[in-house]
Amino acid sequence: YTKVPTTKGVVGRQYYKSADKLPPELAESLTQRYHLNPYQLGWLGWDADVERVALPVPNLTGDLLGCVLRSESGGKPKALAYVEENAVAIFRCHTSDRLIIVEDIYSAIRASEYMNAAAILGTHLNDERVDTLRKIRCNKVYLALDLDAFDKTIKYAVRFRPYLPMIPVKLGKDLKNHTPVELKEFFNDLH
């Protein structure tokens, strides 16, 4: 399994740890919960030491910037991020010239079946992240933060319009929670 570079503590100080394969019962649970297909499950790993799913944070070229360790059993905090400052997880769809920006990695992985997807690992968008997103060079860019952050979606679309024109999208529910049919309809309805 791939060694995942991660940053712990001070930005720039890295350690390497191999992620294990997902336990079969967890893979089945993630398939049921988030409708992940076998290819998408292949992106994920397991950290048995902390009993968390290891979610990759790939950059534009597919190199790993670190990982997010996410609890699927109610552990607190829900996610532990081991990434460089202002990292964006980019999942490419080479048949698309569109990009959707979301909060979390599961949603980005699911969205990448239809278009390029980027997870900003929360709701904070700044100049450095916008610069990274511009390098993806897509003709249309959608900003689809979770429903509880729609005010930020509008604020960011206005603030960064001169640098990265983004079409705000109001989600009814997180993309990761859409069934396959709902997700296909969602992306078919984006113009």
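Reader: Which residue stands opposite Arg 98 in strand 10?

Author: In this predicted model, that's Lys 140.

Reader: What makes strand 8 and strand 10 a pair?

Author: Two strands pair if there are at least two bridges between them. Strand 8 (residues 98-102) and strand 10 (residues 140-143) are joined by 4 bridges, so they pass that cut-off. They run parallel.

Reader: And how do you know that strand 10 pairs with strand 11?

Author: Here there are 2 bridges, and at least two is what pairing asks for, so this counts too. Tyr 142 stands opposite Ile 167, and Leu 143 has Pro 168 as its bridge partner. To get from strand 10 to strand 11, the chain passes through helix 5 (residues 150-159), in a right-handed β-α-β crossover.

Reader: Why are strand 7 and strand 11 said to stand at the edges?

Author: The open sheet has 5 strands in the order 7-9-8-10-11. Strand 7 (89-91) and strand 11 each have a single partner strand, so each has one side without a neighbour in the sheet.

Reader: Now for Ser 71, in the loop between strand 5 and strand 6. Why does it count as buried?

Author: Ser 71 has 7% relative accessibility, and buried means under 20%, so the label fits.

Reader: What makes the link from the Ser 71 side chain to the backbone nitrogen of Gly 75 a polar contact?

Author: The distance is 2.7 Å, and the cut-off is within 3.5 Å, so the pair qualifies on distance. The Ser 71 side chain also reaches the backbone nitrogen of Gly 74, at 3.5 Å.

Conventions
Residues numbered from 1 in each chain as written. Predicted model: local features only at pLDDT ≥ 70, side-chain atom pairs only at ≥ 80, totals over all residues. Heavy atoms only, no water. Right-handed = clockwise from strand over helix to strand, strands pointing away. Buried < 20%, exposed > 50% of the residue type's maximum accessible area, 1.4 Å probe, protein only. Polar contact = N/O pair within 3.5 Å; in protein donor to acceptor, adjacent residues only side chain to side chain.
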